[in-house]
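Thanks for making time. I have one chain to go through this morning, and I will keep to the structure itself.

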Amino acid sequence: MIKLTPPMGWNSWNTYGHNINEALIKETADAMVDTGLLAAGYDYLVIDDCWSERQRDENNRIVPCKEKFPNGMKSVADYVHSKGLKFGMYSCAGNYTCAVYPGSFEYEFIDAATFAEWGVDFLKYDYCFRPYWQQGHILYKRMGFALENCGRDILFSACSWGVDETHKWIKETGAHMWRSTGDINDSWESIKTLAQKQIDLQPYNGQGCFNDMDMLVVGMYGKGNVALIGCTDDTNKDIIAINQDPAGRQPYLTDKNPNNMSWAKPLDGGDIALGFFNLTDSNQCPFIPFDNIGLNRSTGKALHLTNLWTGEDLGVHKDIYRAPVIAPHGCMVLRGKLVDAK
Ligand code: GLA
């Protein structure tokens, strides 16, 4: 399978950690539909770590925890699918998962076949407890092979946290997305650190294998399994459309200041998205000289800009766009349409 836009969905880890069970997952599936998340494009529901028994069965098959999932995983998958969602699960390239449940090391093919039988559509594949003599890229290649041959389309979500120079080998493994950072927690500092890590890694993001900055912490407000300080939130369909743009082109930095980042992303059909992110603790007025995006004066072209958070028509700008004051930790995202400069 090939993934043309970044996968979107919900994962159990950040909120519930090991406190997962069949009823909770079914309730979550209902909520994803009822709250409009599915309609907004969040179509994967993923069960993270701590779903299995501590031991494999006598045939070396991994077994769902009988207490948490008394009816097995197939019935959970069936329920999730009945809501129009896709169903994701979790395993690990090492001997154990990060929470010390059985990992898939040397059981890759049997596990991929089991996941396929259950109706799994997505596998998050972690990196804990890898034997020291094994190279990570080989383990991900092995699971990539197993998934491609399991008889079902299963999205391969690698989670080696960007260590061991993951960006250099991850595309070879068949992964459709790869964790480019360590774990997020619900705090501004964490979001900022993860965002800044993308500056060097963004050239590796693209169609087929997307950089994964770990989950959104929107709406957690300092509660749940990765709780820390909490964050305020903003969500918006036009912003999601930028993320899901069919051309799948990677954004690039137009200003290398890591505290006050300006990014541009060319969109399908010729528009361009411009994003200003104030990572500092003081007000900023960033700007993008259009030279930096290839629209120098001699082109005779300008950009008709719309603010995607407010919907405000910002009019036509040539040569440069100077943003108004952006509050600390704030951002502004614009969509620009190419027009003739007057
Ligand atoms: C690692 C991963 C997390 C989560 C936990 C589960 O830390 O990076 O996203 O899957 O393991 O134990």
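I will start with the whole chain and then go through a few places along it.

This is a predicted model, so please hear every value as computed from it. The chain folds into eight helices and 15 strands. Its radius of gyration is 22 Å, where the globule rule gives 20 Å for 342 residues, so the chain is as compact as a globular protein of that length. Along the principal axes, the C-alpha trace spans about 75 × 40 × 35 Å.

Of the 342 residues, 49% are buried. If you take the contacts between residues at least 6 apart in sequence, 67% of them join residues at least 24 apart. The accessible surface is about 15900 Å², and carbon and sulfur atoms account for 52% of that. On charge, there are 32 positive and 42 negative, and the mean positions of the two sets are 4 Å apart.

Now to helix H3, residues 72–82. Which of its residues are buried? They are Gly72, Met73, Val76, Ala77 and Val80. As a reminder, an α-helix has 3.6 residues a turn, so residues three or four places apart point the same way. The buried residues of H3 pack against two helices, H2 (22–34) and H4 (108–118), and against strands E2 and E3, the latter being 86–92. After H3 comes Gly84, with a positive phi near 85°.

Just ahead of that helix, in the loop that runs from strand E2 (44–46) to H3, sits Ser52. Is Ser52 buried or exposed? Its relative accessible area is 5%, and the cut-off for buried is under 20%, so Ser52 is buried. Beyond its neighbours within four places in sequence, Ser52 contacts Ile62, Val63, Pro64 and Cys65, and also Tyr101 and Pro102.

Next is a lysine. Lys124 is in strand E4, residues 122–126, and it is buried, at 8% relative accessible area. What does Lys124 touch, leaving aside its neighbours within four places? Its contacts include Met89, Tyr90 and Ser91, which fall within the span given for E3. Lys124 also contacts Asn11, Asp48, Ser157, Cys159, Arg179 and Met215. Of these, Ser157 lies within the range of strand E5, 155–158.

Two residues other than glycine have positive phi and are worth a look on the screen. Glu106 has phi near 65°. Glu106 is in the loop between E3 and H4, and at 54% relative accessibility it counts as exposed. Asp164 has phi of about 55°. Asp164 lies in the loop between E5 and helix H6 (166–169), and it is partly exposed, with a relative accessible area of 43%.

Last stop, Gln207. Where is Gln207 found? It is in the loop between helix H7 (188–201) and strand E7 (210–212). At 37% relative accessible area, Gln207 is partly exposed. Not counting residues up to four places away, Gln207 touches Lys3 and Leu4, along with Pro246, Ala247 and Gly248. With Pro246 there is a polar pair: a polar atom of the Gln207 side chain lies 3.0 Å from the backbone oxygen of Pro246. For a sense of distance across the model, Gln207 and Glu58 are 149 residues apart in sequence, and their C-alpha atoms are 41 Å apart in space.

That is where I will stop.

Notes
Residues are numbered from 1 along each chain as its sequence is written. This is a predicted model: local features need pLDDT of at least 70, side-chain atom pairs count only at pLDDT 80 or more; totals for chains, interfaces and linings use all residues. Side-chain values use heavy atoms; hydrogens and water are left out. Helices (H or I, at least four residues) and strands (E, at least two) are DSSP runs, numbered from the N terminus. The radius of gyration is taken over C-alpha atoms; the globule rule is 2.2 Å times the number of residues to the power 0.38. Buried means under 20% relative accessible area, exposed over 50%, partly exposed in between (1.4 Å probe, protein chains only). Contact means heavy atoms within 4.5 Å. Accessible areas come from the Shrake-Rupley method with a 1.4 Å probe; for residues, only the protein chains shown count as cover. Lys and Arg count as positive and Asp and Glu as negative; His and the chain ends are not counted. The place of a charge is taken as NZ of Lys, CZ of Arg, CG of Asp or CD of Glu. A polar contact is a pair of N or O atoms within 3.5 Å; within protein, one must be able to donate a hydrogen and the other to accept it, and residues adjacent in sequence count only if both atoms are side-chain atoms.
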